[in-house]
Amino acid sequence: MSALSILDTPVPGTVGRTAYADLTATLIQTRQQLAPKRLFAPGPDARQIHAYFQAAAAAPDHGQILPWRFVVVPAASRAALGEVFAQALRERDASASDKELAEARDKAHRGPFVALAIVRDATDDHPEIPLQERLISLGCAIQNLLLSAHADGFGSGLVSGQAMQTARLRRLFAMAHNEQAVCFVAIGTADRRKPIRPRPDPALFVSELNCEADHV
Ligand SMILES: Cc1cc2nc3c(=O)[nH]c(=O)nc-3n(C[C@H](O)[C@H](O)[C@H](O)COP(=O)(O)O)c2cc1C
């Protein structure tokens, strides 16, 4: 039995800080963005990856419509992804050098675990759930995934970039007309960590609604 039994989970009305609260705060505050080029083997094994996606599945999901999916990019598919990156660069810059194109290809080989996060927009059977709610659900799923990987001691990073919206990338990932690529999630063993960035003070993003009686 784990020291943190589910029976220890705080319930409404419980006062005081539990071991869960400290653990959760530590996990959240020590997660950090690491560039995929800083993430090396070993990456998570199949059992760990499954657990990360189970964590993603616990994200809030209004209407339980599962408006997102992930596509894992295994080693055998990295070259095809690299070609999409290179062609996207060529389309943006016809004069891109061979070295620059090789660098673009190389990006697809970084990180032992890479998956593309895809959101489905509201032009489906659930138009009552708008895109912003779907993106929040995906963001929560990604955070669950990142924190689970972090808890196992792995580093992680999110990467987007100019290739995300290209037709070639859409084709490679067999995306439907109502889907958008949001970002890649990379997980692996970090060669070094950075200082944790200073987090914004809640005073910068929290305010209080003060309703004067004559406004009501
Ligand atoms: C949807 C999304 C896409 C991102 N894409 C990139 C990216 O292309 N390159 C990058 O360096 N960081 C990217 N990031 C990570 C942010 O740069 C990072 O979270 C931010 O700098 C804060 O650092 P922290 O995660 O260590 O707190 C992305 C984050 C999100 C949410």
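In this predicted model, Ser137 is a residue of helix α5. Ser137 has 23 other C-beta atoms within 10 Å, and because a residue counts as buried when 20 or more lie within that distance, Ser137 is classed as buried. Leaving aside residues up to four places away in sequence, Ser137 is in contact with Ala59, Pro60, Asp61, Pro67 and Trp68. Val119 stands 18 residues from Ser137 along the chain, and the C-alpha atoms of these two residues are separated by 9.3 Å.

The helix that holds Ser137 comprises 21 residues, from 131 to 151, and at 1.5 Å a residue it should span 30 Å; the C-alpha atoms at its ends are indeed 30 Å apart, so the expected and computed values agree. Ser137 is one of the buried residues of α5, which also include Arg134, Leu138, Ala141, Ile142, Leu145, Leu146, Ser148 and Ala149. The cover over these buried residues includes helix α2 (46-56) together with the strands β2 (68-72), β3 (113-120), β4 (155-159) and β5 (179-190). Just after α5, the backbone at Gly153 adopts a positive phi of about 95 degrees.

Two of the elements that help to cover α5, namely β4 and β5, are also found beside the ligand. The ligand is surrounded by Gln32, Gln33, Leu158, Val159, Ser160, Gly161, Val182, Cys183 and Arg197, and the elements that contribute two or more residues to this shell are β4 and β5. By residue class, the shell around the ligand consists of 4 nonpolar, 4 polar and 1 charged.

Methods:
Residues numbered from 1 in each chain as written. Predicted model: local features only at pLDDT ≥ 70, side-chain atom pairs only at ≥ 80, totals over all residues. Helix = DSSP H or I, 4+ residues; strand = E, 2+ residues; numbered from the N terminus. Expected span 1.5 Å × (residues − 1). Buried ≥ 20, exposed ≤ 12 C-beta atoms within 10 Å, placed from the backbone. Contact = placed C-beta atoms within 7 Å. Near = placed C-beta within 6 Å. Nonpolar A, V, L, I, M, F, W, Y, C, P; charged D, E, K, R; others polar.
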